[in-house]
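This report sets out the internal organisation of the structure shown below. The topics are the nonpolar cores, the sheet, the helices and a few individual residues.

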Amino acid sequence: YFGTDVKSFTRTRTGLLRKELGVSPEVPLVGMVSYMYAPKWFIGQLRGLKGHEDFIAALSLARQVRPEIRGVIVGGAWADAGWYENRLRSLGTRICDGSLTFTGTRRDVPAIYPDLDLAVVPSHSENVGGVVEPLLSGVPVVATNVGGLPDLIQDGKTGWLVPAGNPGKLAHAIVSAIEAKEEARRRTAEGRRLAERLFDVERTGREIAII
């Protein structure tokens, strides 16, 4: 596993992001943090690699059950994918009824992560990176069962795991995580301990040095 400075993350909520979004502390805030990688038409991709479309669709479905939920997407277009970001923003405006905000690229992600009540990683293909930061920040995680994500997100133990490309099941997991606050805290604490053990750069550095 790649080395991470686990001490650089805080579980202290600053309120910075919520203040920017105009979201009060009691409102459930669900976020996705990822660059936007455009679909590669030449290999048959119809949606982006990171699952932004699935997140947007799932947020709309989850709000049918819990209309107070707000969503935020942190991260901008990668390389020349500005047209794709515009498409995602248009989709969010069309189906999320003003409940979704796009922040663009940020350099203060460790500081704003604790403002989320839930982090969603809906990737179609992934290593394990997208779930490390939220867990180290004390944020519950819903992720897809792809790539290396199940190494850290173990369904029922350290988070919620759902099939990729399934907004319905993603929405169900989002609602479950928001409603089961004590269970979410339990899973997150377990996930944080696992992330600290697997990704601490002091340990991974020693492993590489030994090799």
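## Nonpolar cores

In this predicted model, the largest nonpolar core comprises 32 residues. Val131, Val141, Ala143 and Leu152 are the members with the most contacts inside this core. At least two core residues each come from helix H1 (16–21), strand E2 (70–74), helix H4 (109–112), strand E4 (118–121), helix H5 (129–136), strand E5 (141–144), helix H6 (149–152) and helix H8 (181–199). A second core, separate from this one, has 30 residues, among them Val30, Ile69, Ala81 and Val120. In soluble globular proteins, nonpolar side chains tend to be buried together.

Ala143 illustrates the contacts of a single residue. Beyond the four places on either side of it in sequence, Ala143 touches Val121, Val131, Leu149, Ile153, Trp160, Leu161 and Val162.

## The sheet

Six strands form an open sheet in the order E3-E2-E1-E4-E5-E6, and their pairing is parallel. Strand E3 (100–104) and E6 are the edge strands, each pairing on one side only. On average, and with direction ignored, neighbouring strands of the sheet are turned by 20 degrees against each other.

E1 and E2 are joined in the parallel sense over 5 bridges, while E2 and E3 pair in the parallel sense over 4 bridges. Val72 in E2 stands opposite Gly31, and Val72 also has Thr101 of E3 as a bridge partner. Further along, Val74 stands opposite Gly104 in E3.

The strands can also be described by their burial. In E1, 4 of the 5 residues are buried, and the strand is thus mostly covered. Edge strand E3 has a covered face with Leu100, Phe102 and Gly104, and an uncovered face with Thr101 and Thr103. In a regular strand the side chains alternate between the two faces of the sheet.

## Helices H7 and H8

Helix H7 covers residues 167–179, 13 residues in total. From its first C-alpha to its last, H7 reaches 18 Å, close to the 18 Å expected at 1.5 Å a residue. Its buried residues are Pro167, Leu170, Ala171, Ala173, Ile174, Val175, Ala177 and Ile178. These buried residues pack against strand E1 (29–33), helix H2 (52–65), E4, E5, strand E6 (160–162) and H8.

For H8, with 19 residues, a rise of 1.5 Å a residue predicts a span of 27 Å, and the 26 Å between its end C-alpha atoms agrees with this. The buried residues of H8 are Ala184, Arg187, Thr188, Ala189, Gly191, Arg192, Leu194, Ala195, Leu198 and Phe199.

## Arg47 and Glu53

Arg47 is located in the loop between E1 and H2. Arg47 counts as partly exposed because its relative accessibility is 38%. Residues up to four places away aside, Arg47 touches Pro39, Glu53, Asp54, Tyr84, His124 and Pro167. Its side chain makes a polar contact with the side chain of Asp54 at 2.5 Å. The C-alpha atoms of Arg47 and Gly165 are separated by 9.3 Å, although the two residues are 118 residues apart along the chain.

Glu53 is part of helix H2. With a relative accessibility of 7%, Glu53 counts as buried, the cut-off being under 20%. The side chains of Glu53 and Tyr84 make a polar contact at 2.9 Å. Outside its neighbours within four places in sequence, Glu53 is in contact with Arg47, Gly48, Tyr84, Arg87, Leu88 and Leu91. Tyr84 is therefore listed among the contacts of both Arg47 and Glu53, with the cut-off for contact being heavy atoms within 4.5 Å.

## Thr204

Thr204 lies in helix H9, which runs over residues 201–210. Its relative accessible area is 3%, so Thr204 is buried. A polar atom of the Thr204 side chain lies 3.4 Å from the backbone oxygen of Val201.

Neighbours within four places in sequence aside, Thr204 is in contact with Tyr1, Phe2, Gly3, Leu198 and Phe199. Of these, Leu198 and Phe199 are among the buried residues of H8.

Definitions and conventions: Residues numbered from 1 in each chain as written. Predicted model: local features only at pLDDT ≥ 70, side-chain atom pairs only at ≥ 80, totals over all residues. Heavy atoms only, no water. Core = buried A, V, L, I, M, F, W, Y, C linked by side-chain atoms within 4.5 Å. Buried < 20%, exposed > 50% of the residue type's maximum accessible area, 1.4 Å probe, protein only. Expected span 1.5 Å × (residues − 1). Polar contact = N/O pair within 3.5 Å; in protein donor to acceptor, adjacent residues only side chain to side chain. Pairing = 2+ DSSP bridges. Axes fitted to C-alpha atoms, helices over the stretch in contact; angles between N-to-C directions.
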